[in-house]
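Me: I would like to go through this fold with you, one packing question at a time. Please show the structure.

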Amino acid sequence: MRKKEKVFVIGFQKTGTTSLENALKLLGYKVDGGDKNLMKFETTFELKAYIKSKLENFDAVQDMPWPLFYKELYELYPTAKFILTYREPKSWIKSVVKYFASMKIPLHQKIYEVPCAEGYEDKYLEVYETFNQSVLEYFNNKDNFLYMELGKNYDYKTLCTFLNIEDIPEGNFPKSRSNSQNLSKYKIYRDLRSAYWNFKKYNK
């Protein structure tokens, strides 16, 4: 069987990355999720060595902080497939705040340089939009790059055409999870959940 080309999902959280992971798995790809170890290396040499070692066992990656290292991934795998998942900024920040609220997540603090999402929406949006623009400029005119936007071209036909897969699955594109977080639209619930998470995180 022909060896799969690597696939790197380089969109931020809450842009449909879990749905895309599920689709890739259905297509036979072995997908790695977020890896905090990527943030600990002081030199590019060490980082690239770790990436090479890690990806010996995976066909694809998604979730933070993998997207932050799209340049290193391209330098290591210039013929790989790169997918930028995108969500309209207002919808994106609404989803981020609804899900993460005031949780003080160390990885997020490194990325956005603020304590949490809720109350610091402008900073989150600045980082998000700057990142997406940088990716688009970097991959401009590269034929191994795909831009997938929620609500527009998020489907098996787009994905399979890009990956050169002829047998396109029938049915709808997978969803990341059922809408079981309706309580998150209430601030009092988000505050209580965040307080519990922060207490649990810092009192281990």
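Me: At what angle do helix H4 and helix H6 pack?
Reply: This is a predicted model, where local features need pLDDT of at least 70, side-chain atom pairs count only at pLDDT 80 or more, and totals for chains, interfaces and linings use all residues. Residues are numbered from 1 along each chain as its sequence is written, and side-chain values use heavy atoms, with hydrogens and water left out. H4 spans residues 89-100 and H6 spans residues 121-138, helices being DSSP runs of H or I of at least four residues, and strands E runs of at least two, numbered from the N terminus. Their axes (lines fitted to C-alpha atoms over the stretch in contact, with angles from 0 to 180 degrees between N-to-C directions) are 10 Å apart, at an angle of about 125°.

Me: Why is H4 called oblique to H6?
Reply: The two pack at about 125°. Angles under 35 degrees count as roughly parallel, over 145 as roughly antiparallel, 65 to 115 as roughly perpendicular and the rest as oblique. That angle therefore makes H4 oblique to H6.

Me: How many of the residues in the contact of H4 with H6 are charged?
Reply: Contact means heavy atoms within 4.5 Å. From H4 come Pro-89, Trp-92, Ile-93, Val-96 and Val-97, which meet Glu-121, Tyr-124, Leu-125, Tyr-128 and Glu-129 of H6. Ala, Val, Leu, Ile, Met, Phe, Trp, Tyr, Cys and Pro count as nonpolar, Asp, Glu, Lys and Arg as charged, and the others, Gly among them, as polar. The contact divides into 8 nonpolar, no polar and, as charged residues, 2.

Me: Is His-108 buried or exposed?
Reply: His-108 sits in helix H5, residues 106-112. Beyond its neighbours within four places in sequence, His-108 contacts Gln-13, Phe-100, Glu-113 and Tyr-124. Buried means under 20% relative accessible area, exposed over 50% and partly exposed in between (1.4 Å probe, protein chains only). At 4%, His-108 is buried.

Me: Which element supplies the largest share of the largest nonpolar core?
Reply: A nonpolar core is a set of buried Ala, Val, Leu, Ile, Met, Phe, Trp, Tyr and Cys residues joined through side-chain atoms within 4.5 Å. Of the 40 residues in the largest one, Phe-8, Ile-10, Leu-55, Phe-82 and Trp-92 touch the most other members. Helix H2, helix H3, strand S4, H4, H5 and H6 each supply at least two residues. The largest share, 6 residues, comes from H6.

Me: What percentage of the protein's residues count as buried?
Reply: The protein has 8 helices and 5 strands. Of its 204 residues, the buried share is 47%.
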